[in-house]
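Here are my notes on this model, set out as numbered points. Please read them with the structure open.

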Amino acid sequence: MNKYPKSAYVHIPFCHRRCFYCDFAVIPLGNKVETLQGYGSKTVREYLNFLYKEILSIKHKSPLSTIYVGGGTPSILDPKQIKELIDLFKENYGIDYGAEITMEVDPASFNQDDLYGFINAGINRFSLGVQSFNNQILQKSGRRHLREDAEKACLWLKKVYDSGQIKSWSLDLIQNLPLSGFKEWHEDLKKTMTFSPPHLSIYDLNIENGTVFKKLENLGKLKLPCDEEAFMNSELTHLILKTSGYSRYEISNYCLPGHQSRHNRVYWSGLGWWSFGQGSTSSPWGEKLTRPRVSKEYKEWVNRQYELNLDSSLINNDFVYKELDEKIMLGLRLKEGIDINELFKEQNWEIKKFESNFIKLLKGWERFLQSELLVRRGNRFFLSDPKGMELSNQILISMFKWWDEIN
Ligand code: SF4
């Protein structure tokens, strides 16, 4: 374990408008945003000032090996603002040679000049939120971009990647959006493959409270692919990506060799990370700290930190282990799974307790091992792909039940 986290997440909450499935901490600014001057610039400047205050408030700054600028829509910002942010880290924390610096970009919010500006600012990995290449699906999901915007953005990213100007890029899709049946999903995957993105994130649609989709669902007006179709979509994803050379290294993430997201692996593997910005969650020493999701409260929180000379990183400066159930849950998301012996050892249980807890866990998992959703190799347990990865919830529910019972 590093003494200080080497990864930082930065939340840029601005979006043009809210997509119908999104419940993130975002500030919709409308269509006419001019972040340096003009419409929306005051709101953006003010937020950045608070964000910088928070970034500087950490007392024990040490060099970073991954930075992830996410949102919201960070590509709403001008390249000069992204440079200002990266320079702030450079000058105050230091950035390791070869660090991975990712930025999320939205197809309708940047042009090719902006892309070169972001690269000059120090970004070397992009994550492009395509979600679908089908205009009807995009429109039904409240996305602002069109297929043409997504295709253009993919070509620009492919070009800068092929010419060695960036280390990697990721294309994000959402599976099982309204109107996305087998045929439409197949088209989306085929289109995606034409750009050979080195990394792909494919999320299954979740209907979250407070979203337009939730309202439509409550009114019985949300038409999603049926279970059978959703299953066929998953099978197709598995087949196409596998035959195209992608490895599923995490439940929702696929990559070509050498292109795993180093930053995301920090979250899944239990290493600590800083985070900055409204609604974001940091975990420098194991315990999690979530900032207020609403702008006014976030700004008050930053002011308090600042005025009282507090340092959010010092709240938990004794390393607190993540609970075992969370470690198992996060570990099982990864292709390599978990070494149960190693995780149990960290609990410092005496031998008798160690063994009895292990036997109880195994009893709950027996049927998943038999049905080959879960695979065991010695002390290592991992989900089978695609069956186990698709049905991971059942295995996790059984594990959480076990955890409740033994505590
Ligand atoms: S662009 Fe992304 S963050 Fe913004 S509203 Fe849409 S899904 Fe949410």
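1. Start with a pair of helices. The model is predicted, and in it the crossing of H1 and H10 is left-handed. H1 covers residues 41-57 and H10 covers residues 295-307. Their axes come within 10 Å and cross at roughly 35 degrees.

2. Next, the residues in that contact. H1 contributes Phe50, Lys53, Glu54 and Ser57. On the H10 side, they meet Tyr298, Lys299, Val302, Gln305 and Tyr306. By class, the contact of H1 with H10 has four nonpolar, two polar and three charged residues.

3. Now the sheet. It is open and has nine strands, with mixed pairing. The strand order is S9-S10-S8-S7-S6-S5-S4-S1-S11. Which strands stand at the edges? They are S9 (247-250) and S11 (274-276). Each has a single partner strand, so one side of each is left without a neighbour in the sheet. On average, neighbouring strands are turned by 20 degrees against each other, direction ignored.

4. One pairing can be checked by residue. S8 (residues 199-204) runs antiparallel to S10 (residues 253-255), and three bridges join the two strands. In this pairing, His199 stands opposite Cys255 of S10.

5. Finally, a helix on the sheet. H5, residues 147-162, packs there and touches two strands, S6 (125-131) and S7 (168-175). How is H5 directed relative to S6? The direction of H5 makes about 160 degrees with that of S6.

Terms used
Residues are numbered from 1 along each chain as its sequence is written. This is a predicted model: local features need pLDDT of at least 70, side-chain atom pairs count only at pLDDT 80 or more; totals for chains, interfaces and linings use all residues. Axes are lines fitted to C-alpha atoms, for helices over the stretch in contact, and angles run from 0 to 180 degrees between N-to-C directions. Helices (H or I, at least four residues) and strands (E, at least two) are DSSP runs, numbered from the N terminus. A crossing is left-handed if the near helix is turned anticlockwise from the far one by less than a right angle, and right-handed if clockwise. Two residues are in contact if their C-beta atoms, placed from the backbone, lie within 7 Å. Ala, Val, Leu, Ile, Met, Phe, Trp, Tyr, Cys and Pro count as nonpolar, Asp, Glu, Lys and Arg as charged, and the others, Gly among them, as polar. Two strands pair if DSSP finds at least two bridges between them.
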